[in-house]
Amino acid sequence: MIELVTTDGIFALDGGEWDVTNNIWLVGDESGVVVVDAAHDHRPIVEAVAGRRVTAIACTHGHNDHINAAVALAEAVDAPIWLHPDDRMLWDVVHPDRAPDRDLADGTVLRAGGVELAGLHTPGHSPGCVCFHAGGAGPGGTDVVFSGDTLFCGGPGATGRSHSDFPTIIASIRTRLLTLPPETIVHTGHGESTTVGEEAPDLEEWVRRGH
């Protein structure tokens with residue numbers, strides 16, 4: 001079972017601010033879920049959880065718009081917050097007095113309701129970006145990957161700001177995401193979902209554009 005919650009708010013970095021709509025994904029079943037990202041307002045996320053056990057709040061990365069509701073959500077549903085340590089400097093800007101509970105790493109497996117989410121370290125948009133691969137969790141047993149801001153419908157996440165790097169994100173997408181089966185559904189951090197097969201043919205064009 002995969003459920004989508006969206007919230008609106010501000011993404012702030014390097015002195016700029018942008019209005020954004022974020023995707024929050026609940027993965028599990030009727031008894032328990034993993035929450036992928038906790039954006040802007042914990043209340044609609046709590047409402048969607050609907051009393052189920054939250055085994056983990058999994059942060060795809062440390063930009064404020066993906067973590068700014070994480071602490072309030074953790075307190076409301078009594079769940080641990082997971083973040084890759086390479087994004088701790090971004091976390092500390094938003095939550096200077098509260099550390100994440102546990103460190104994500106490549107290969108970390110989070111479980112809820114019979115679903116396993118395997119962490120794929122995909123630096124580039126930020127150093128600690130992690131995507132979560134759930135084999136067989138989609139319709140008809142299709143694989144699913146929750147890509148955060150690493151891969152969108154139409155290309156890679158932005159890399160023109162602090163702690164980001166374009167060649168690094170291209171390498172992450174090439175070696176960690178586009179190697180998944182082409183029918184793999186890509187549930188993104190913003191905007192529409194896509195598939196690996198839909199995005200893979202455009203990789204070299206992204207490289208030529210260089211952004």
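**Exercise 1. State how far apart the mean positions of the positive and negative charges of the protein chain lie.**

Solution. The protein chain carries 12 positive and 31 negative charges. Take the mean position of each set; the two means are 4 Å apart. These values, like those below, come from a predicted model.

**Exercise 2. Decide whether the protein chain is as compact as a globular protein of its length.**

Solution. Begin with the content: the protein chain holds seven helices and 14 strands. Next, compare two radii: the radius of gyration is 16 Å, and the globule rule gives 17 Å for 211 residues. The two are close, so the chain is as compact as a globular protein of that length. For the extents, the C-alpha trace spans about 45 × 45 × 30 Å along its principal axes.

**Exercise 3. Describe the burial, the surface and the contacts of the protein chain.**

Solution. Count a residue as buried when its relative accessible area is under 20%. By this cut-off, 55% of the 211 residues are buried. The accessible surface comes to about 8700 Å², and carbon and sulfur atoms account for 49% of it. For the contacts, take those between residues at least 6 apart in sequence; 54% of them join residues at least 24 apart.

**Exercise 4. Give the strand order of the six-stranded open sheet and name its edge strands.**

Solution. The order is β1-β2-β3-β4-β5-β6, with mixed pairing. An edge strand here pairs on one side only, which holds for β1 (2-13) and β6 (102-103).

**Exercise 5. Work out how β3 pairs with β2 and with β4.**

Solution. Strands of a sheet pair through backbone hydrogen bonds, either parallel or antiparallel. Take β2 (residues 16-28) to begin with: its pairing with β3 is antiparallel, over four bridges. G28 stands opposite V33 of β3, and three residues lie between β2 and β3 in the hairpin that they form. Then take β4: β3 and β4 run parallel and are joined by five bridges. Here V33 has V54 of β4 as its bridge partner. Moving on from β4 (residues 53-58), its pairing with β5 (residues 81-83) is parallel, over two bridges. I57 stands opposite I81 in β5.

**Exercise 6. Sort the residues of β3 by the way they point, and say whether they are buried or exposed.**

Solution. In a regular strand the side chains alternate between the two faces of the sheet. In β3, G32, V34 and V36 point one way, while V33 and V35 point the other way. Both groups are buried. This agrees with the count for β3 (residues 32-36), where five of five residues are buried.

How values were computed. Residues numbered from 1 in each chain as written. Predicted model: local features only at pLDDT ≥ 70, side-chain atom pairs only at ≥ 80, totals over all residues. Heavy atoms only, no water. Rg over C-alpha atoms; globule rule 2.2 N^0.38 Å. Buried < 20%, exposed > 50% of the residue type's maximum accessible area, 1.4 Å probe, protein only. Contact = heavy atoms within 4.5 Å. Areas by Shrake-Rupley, 256 points an atom, 1.4 Å probe, with all protein chains shown as cover. Lys, Arg positive; Asp, Glu negative; His and termini not counted. Charge placed at Lys NZ, Arg CZ, Asp CG, Glu CD. Pairing = 2+ DSSP bridges.
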